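Student: I'd like to go through this chain with you, from the overall fold down to a few odd backbone spots. Can we look at it together?

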Amino acid sequence: MSRYGVFHPPLKVNVANTIVPQMSLVRASPLAKLVVVSLFMIPVISSIPVVQLASGDRLSLQVYQFRGSVGGKKAYLQSNLHGAEISGNAVIYELIEYLMSLDSSQLIGEIWLLPVCNPVGVSQRSHHFSPGRYNLYDGEDWNRIFWDFEKQGEDILAFAKSHLELDANTIKVNYRKEIALSFAKQLTIINAPSSRPYSEIYRYHLQSLCLDADLVLDLHSSTNHALDYIYCFSSREESAKAFLFDRGILMDEYDGDAFDEAFLKPWLALERVFAELGRNIVFDVESWTLELGSGMQINPESVTSGLRGIKNYLATQGLLKIDGFPLPETVQHQIILTPKNSVKKYYAPGGGMIRSRVELGSFVKQGELLYQILIFNKSGEFPSIVDVGAESDVFVFDLSTNQSVNQGEYVLSVMANS
Ligand SMILES: [Zn+2]
């Protein structure tokens, strides 16, 4: 139960009566106009159908749009892109409730919130388990499907040359138009008689909601058991502090077509091209993936730290004017950022049962024990125990949920601790 008692029902639900994707279904409702006089903010709530099932039923997205009385940046937050990673939904619920307690003058700009952003992934089950990382139909990772402007063959160098003398804001506006024009071609392709696979229809809807955002936050968790941390792009390290996490992974290499990458990489590419032309410019756009604890459960501590970090980040970015924020510790906060290529996954060298594994958050020196595998055999011999040691000095941040492993199955992840 919320501290405001029963949660408010949606004020408005726009349900389009077509499966044809639309750039934006958010419109101010007559009710929304009425509440302008209200002291507290009420979001516009819009529902967007994304897929019609064979049964005729439809699965939808629902976005909560808060708009401040003064214009400014747009922040877009979504959660649960991977089906088992549910903590972010609780964070968004808390954010909805919190924002509804604010006066609209306390929000500069707008905040769009999209919980349970993958209605297919969150619904997948295998016995008691929620896998939801891969699309069961085509095997694709739900977070490796996104449309990336940088890969569309557009001439970013020519754009930069033609904008070399212009101010950063004009460049930002014009580049965003270029991205939107290129993205709009996706709709034509989807609406052709041959249509496109579901992943392309789905990604179109999600990216339609955020391509014009300034700040994008994608709330994940581990699918297994993990600590809270953040993925940070190079050149955005200073902003990462505001989330107040102890650890992060610095993206010195890309997975490709992940949600955070698809949003920010085109901007990083433009910054890089400008630098080559002799102009150093950092656009006021950022993208983050937050990892909030473990999968298939809502860790209260992860929700608390995620909510606190997001409020602090939004205040630091100037969107929220709220008492006590940005928190005074922000300036002094130190986050340990480990380059992505210094993160290592350990896989089982043989099949068996994991035991004596170190705890999450352990520091393990080179050669010391990370875990053991109890290995049985069918060769008439006694079972054996195999020790697995650390290849270097490491910090353990993620552990597999299942302690029964086939050879080659995932066991744990470490960050280099040099
Ligand atoms: Zn994830």
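Tutor: Here are some short questions and answers on the chain. This is a predicted model, where local features need pLDDT of at least 70, side-chain atom pairs count only at pLDDT 80 or more, and totals for chains, interfaces and linings use all residues. Residues are numbered from 1 along each chain as its sequence is written.

Student: What is the radius of gyration of the chain?

Tutor: Take the radius over C-alpha atoms and compare it with the globule rule, 2.2 Å times the number of residues to the power 0.38. For 418 residues the rule gives 22 Å, and the chain comes close to that, so it is as compact as a globular protein of that length. The value is 23 Å.

Student: Is Val116 buried or exposed?

Tutor: Buried needs 20 or more other C-beta atoms within 10 Å of a residue's own, exposed means 12 or fewer, and partly exposed is in between, with C-beta atoms placed from the backbone. Val116, which has a positive phi near 35 degrees, has 20 C-beta neighbours inside 10 Å. Therefore Val116 counts as buried.

Student: And His127, buried or exposed?

Tutor: His127 sits in the loop between β4 and α3, and its phi is positive too, near 55 degrees. His127 has 4 C-beta neighbours inside 10 Å, so it counts as exposed.

Student: Which residue does a cis peptide bond join to Phe325?

Tutor: Omega of that bond is about -5 degrees. The partner is Pro326.

Notes. Helix = DSSP H or I, 4+ residues; strand = E, 2+ residues; numbered from the N terminus.
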